[in-house]
Amino acid sequence: MNRLAAIVATAVVAGGAFAQAAGTDPLAGLRGPTPIEQESRPAPLPKPVNDDVRRARSYPAQPPVIPHQIDNYQLDLRFNKCMDCHGRSRTQESQAPMVSVTHYQDRDGNIRQEISPRRYFCTACHVPQNDARLPVKNTFQDFYEVRPQPLATPARGSRK
Ligand code: HEC
Ligand code: HEC
C-alpha cells in the first residue's frame with residue numbers, strides 16, 4: 001500500500017467512526033462534501049449566546065457557564081473586567097451574582113479580601129456559549145436521569 005492509499009484508508013475509517021456518531025455521509029466529515037483537492041467554504045462563525053438566562057449546572061461543582069457575551073472584556077495582569085461586576089463590592093450596582101466564597105480562598109483555605117490568584121483567570125473555568133451545531137450528539141445524562149441499576153446479587157456459594 002503506498003502512502004496516499006494509507007492516508008485515504010485511515011480517513012475512511014475515521015470518517016466512518018464519525019458518521020456513525022453523527023449519522024451523516026461517511027465521507028463528508030466536518031469539512032462537508034467538498035472534494036479533497038478543493039478548499040471548503042468555512043461555515044459562518046456561530047453567534048454568541050447573550051440571553052442572560054443562567055443555565056442549570058450538570059453537577060454540583062460545575063463552574064457555571066457564562067450566559068452573556070464577553071467580547072472585548074479585558075482579562076489580563078493589569079485588569080479583570082469580570083470582577084468589575086462579579087466582585088463582592090460591585091454586585092449591588094451590577095446585579096450580577098457574586099463570585100462564590102471559594103474564589104476568595106487561598107490554597108490554605110483562608111478567605112482573602114481580593115480574588116484568589118487561583119481564580120483570577122475566569123475563562124480557564126467559565127466559558128461563554130454559542131449557537132454552534134453539535135458535530136457529535138451529546139449523550140450526557142444528569143444524575144437524576146440515570147436510573148439506578150439493580151444491585152448484582154452474587155450467585156450462591158460464589159463468595160470465597
Ligand atoms: C457588565 C457586568 C458584567 C461583566 C463585565 C461580566 N458579567 Fe458575568 N454576569 C453578569 C450578570 C448581570 C449575570 C447574571 C445573568 C445575566 O444577566 O447575564 C452574569 C452571569 C455570569 C455567570 C453565570 C453565573 C451563574 O450562576 O449561572 C458567569 C459564570 C459569569 N457571569 C462570568 C463572567 C465572566 C467570566 C466575565 C468576564 C469575562 C463576566 N462574567 C463579566 C454581569 C457581568
Ligand atoms: C479554577 C476554576 C475557576 C476559576 C478560575 C473561576 N471560577 Fe468561578 N466558579 C468555579 C466553580 C467550580 C464554581 C462553582 C462552585 C463554587 O462556587 O466554587 C464557580 C462559581 C462561580 C459563580 C457562581 C457563584 C454562585 O454562588 O452561584 C460565578 C458568578 C463565578 N464563578 C464567576 C467567576 C469569575 C468572574 C471568575 C474570575 C474572576 C471566576 N469565576 C474564576 C470555578 C472557577
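**Exercise 1. Methionine 98**

With how many C-beta neighbours inside 10 Å does methionine 98 stand, and how does it count: buried, partly exposed or exposed?

*Solution.* The model is predicted, and every value below is computed from it.
Step 1: place the residue. Methionine 98 lies in the segment after helix H3 (91-94).
Step 2: take the neighbours. Methionine 98 has 16 C-beta neighbours inside 10 Å.
Step 3: compare with the cut-offs. A residue is buried at 20 or more and exposed at 12 or fewer. Because 16 falls in between, methionine 98 counts as partly exposed.
Step 4: look at its contacts. Leaving aside neighbours within four places in sequence, methionine 98 is in contact with His86, Arg88 and Thr91. From methionine 98 to histidine 86 the C-alpha distance is 4.8 Å, with their positions 12 residues apart in sequence.

**Exercise 2. Elements and confidence**

State which elements the protein has, and find where confidence is lowest and where it is highest.

*Solution.*
Step 1: list the elements. The protein has 3 helices and 0 strands; read from the N terminus, the order is α-α-α.
Step 2: take the average. The mean pLDDT of the protein is 83, and 79% of the residues score at least 70.
Step 3: compare the elements. Confidence is lowest in helix H1 (residues 3-22), with a mean of 44, and highest in helix H2 (residues 81-86), with 98.
Step 4: examine the weak stretch. The pLDDT is below 50 over residues 4-23, a stretch with 13 contacts in the model beyond near neighbours in sequence.
Step 5: draw the consequence. Predicted coordinates should not be read in detail where pLDDT is low.

**Exercise 3. Burial and contacts of the whole chain**

Give the share of residues that count as buried, and the share of contacts between residues 24 or more positions apart.

*Solution.*
Step 1: the protein has 160 residues, of which 3% count as buried.
Step 2: among contacts with a separation of 6 or more, 40% join residues 24 or more positions apart.

**Exercise 4. Four residues between H1 and H2**

For leucine 45, aspartate 52, asparagine 72 and leucine 77, decide whether each is buried or exposed, and note what else is given for each.

*Solution.*
Step 1: leucine 45. This residue is in the loop between H1 and H2. Leucine 45 counts as exposed because it has 8 C-beta neighbours inside 10 Å. Its C-alpha lies 9.3 Å from that of aspartate 131, although the two are 86 residues apart in sequence.
Step 2: aspartate 52. The loop between H1 and H2 also holds aspartate 52. With 8 C-beta neighbours inside 10 Å, aspartate 52 counts as exposed. Its phi is near 60°, a positive value in a residue other than glycine.
Step 3: asparagine 72. Its place is in the loop between H1 and H2. Asparagine 72 is exposed, since 6 other C-beta atoms lie within 10 Å. The phi of asparagine 72 is positive, about 65°, although this residue is not a glycine.
Step 4: set the two phi values in context. Most residues other than glycine have a negative phi.
Step 5: leucine 77. This residue too is found in the loop between H1 and H2. Leucine 77 is exposed, with 7 other C-beta atoms within 10 Å. Tyrosine 120 is 43 residues away along the chain, and the C-alpha atoms of this residue and leucine 77 are separated by 9.2 Å.

**Exercise 5. The two ligand shells**

Describe the residues around ligand 1 and ligand 2, naming the nearest and sorting each shell by class.

*Solution.*
Step 1: ligand 1. Its shell has 21 residues, and Asp52, Pro64, Cys82, Cys85 and Ala96 come nearest. H2 gives the most to this shell, with 5 residues.
Step 2: sort the shell of ligand 1. The classes are 11 nonpolar, 6 polar and 4 charged.
Step 3: ligand 2. There are 20 residues around ligand 2, with Pro63, Ser100, Thr102, Cys122 and Cys125 coming nearest.
Step 4: sort the shell of ligand 2. The classes are 13 nonpolar, 6 polar and 1 charged.

Definitions and conventions
Residues are numbered from 1 along each chain as its sequence is written. Chains are lettered from A and ligands numbered from 1 in the order in which they are written. This is a predicted model: local features need pLDDT of at least 70, side-chain atom pairs count only at pLDDT 80 or more; totals for chains, interfaces and linings use all residues. Helices (H or I, at least four residues) and strands (E, at least two) are DSSP runs, numbered from the N terminus. Two residues are in contact if their C-beta atoms, placed from the backbone, lie within 7 Å. pLDDT is the predictor's confidence in each residue, from 0 to 100. A residue is near a molecule or strand if its C-beta atom, placed from the backbone, lies within 6 Å of it. Ala, Val, Leu, Ile, Met, Phe, Trp, Tyr, Cys and Pro count as nonpolar, Asp, Glu, Lys and Arg as charged, and the others, Gly among them, as polar.
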